[in-house]
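Visitor: Could you take me closely through the sheet in this model, and then through what lies around the ligand?

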Amino acid sequence: MFSATILTLYPEMFPGPLGISLSGDALARGLWSLETENIRDHGIGRHKNVDDTPAGGGVGMVLRCDVLAAALDAAVPADDPRPKLLMTPRGKPLTQGRVRELAAGPGVVIVCGRFEGVDERVIEGRGLEEISIGDYVLSGGEMAAMVVLDACVRIIPGVMGKEASGHDESFETNLLEYPQYTRPREWEGRGLPDVLLSGNHALIEKWRREEAERITRERRPDLLIR
Ligand code: SAH
């Protein structure tokens, strides 16, 4: 079973949105599991301090390497086979390919940063894989961790119904998805593309493929080059 362990200063944020709809049903059905480790529990002294000022000066606070390592060592056995991810805007951008690999494995350990980030030495010392969910800055790693989990959980076998197996979707073929339509047949003067009413499945396939290519060319030509 896919099991997720989240290291965070805000365990009360979980499961949050992951407890609802597709991922929430799958959690209730035991298709994946989620546990949190509160980094604060491993803080230093009476005040359970987890952060300190940056060495060399500068603004903000940095999560201490010893505190984070203690939290990791308490939550994750040394021989745990799961990849240990650190959410950070400096990381490798998350792709559907990496999501597919993670979802096929035993699960993930995810460290959520806060403040200015984490002491570099724990990244090296515990072999953390730095992952970014995009070129913008969040206030903490929790929502980024939820993005990773949501993307993984939906493709765990048994989570989605067979009608939504996901193989035609954006990125699965390096193409963005073709336009989708449903009822009503006419809406505010807009009809449906004739081909979708033709009943000719080969023609419909061809049209969808061409639309996917057109949209990808217009919006994300970088995907076609890859
Ligand atoms: N000073 C850091 C940003 C810290 S943001 C920098 O310039 O790189 C605080 C925390 O939010 C980070 O430690 C990280 O865990 C999380 N975070 C922010 N943006 C993120 C992103 N795009 N992807 C993944 N995690 C992110």
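Guide: Let us start with one facing pair, in which Leu 86 stands opposite Val 111 in strand 6. This is a predicted model, in which local features need pLDDT of at least 70 and side-chain atom pairs count only at pLDDT 80 or more, while totals for chains, interfaces and linings use all residues. Residues are numbered from 1 along each chain as its sequence is written, and side-chain values use heavy atoms, with hydrogens and water left out.

Strand 5 (residues 84-93) and strand 6 (residues 107-112) pair in the parallel sense over four bridges; two strands count as paired if DSSP finds at least two bridges between them, and the elements themselves are DSSP runs numbered from the N terminus, helices being H or I of at least four residues and strands E of at least two. In general, strands of a sheet pair through backbone hydrogen bonds, either parallel or antiparallel. Here five strands form an open sheet with parallel pairing, in the order 2-1-6-5-7. Strand 2 (32-38) and strand 7 (129-132) stand at the edges, and because each has a single partner strand, one side of each is left without a neighbour in the sheet. From one strand to the next the twist averages 35°, where axes are lines fitted to C-alpha atoms, for helices over the stretch in contact, and angles run from 0 to 180 degrees between N-to-C directions.

Helix 5 (residues 142-153) packs on this sheet and touches strand 1 (2-8), strand 2, strand 5 and strand 6, contact meaning heavy atoms within 4.5 Å. The direction of helix 5 makes about 165° with that of strand 6.

Turning to the ligand, there are 19 residues around it, of which Met 87, Gly 113, Gly 134, Tyr 136 and Leu 138 come nearest; a residue is included if one of its heavy atoms lies within 4 Å of the molecule. A backbone N or O atom of Tyr 136 lies 2.9 Å from a nitrogen atom of the ligand, and for Leu 138 a backbone N or O atom likewise lies 2.9 Å from a ligand nitrogen atom. A polar backbone atom of Gly 140 is 3.3 Å from an oxygen atom of the ligand. On its own the ligand has 550 Å² of accessible area, and the protein covers 84% of that, as computed by the Shrake-Rupley method with a 1.4 Å probe.

One backbone detail belongs beside the sheet: a cis peptide bond, with omega about -5°, joins Phe 14 and Pro 15, and Pro 15 is found in the loop between strand 1 and helix 1 (21-28). Within helix 1, Ser 21 has a positive phi of about 60° although it is not a glycine.

Definitions and conventions:
Polar contact = N/O pair within 3.5 Å; in protein donor to acceptor, adjacent residues only side chain to side chain.
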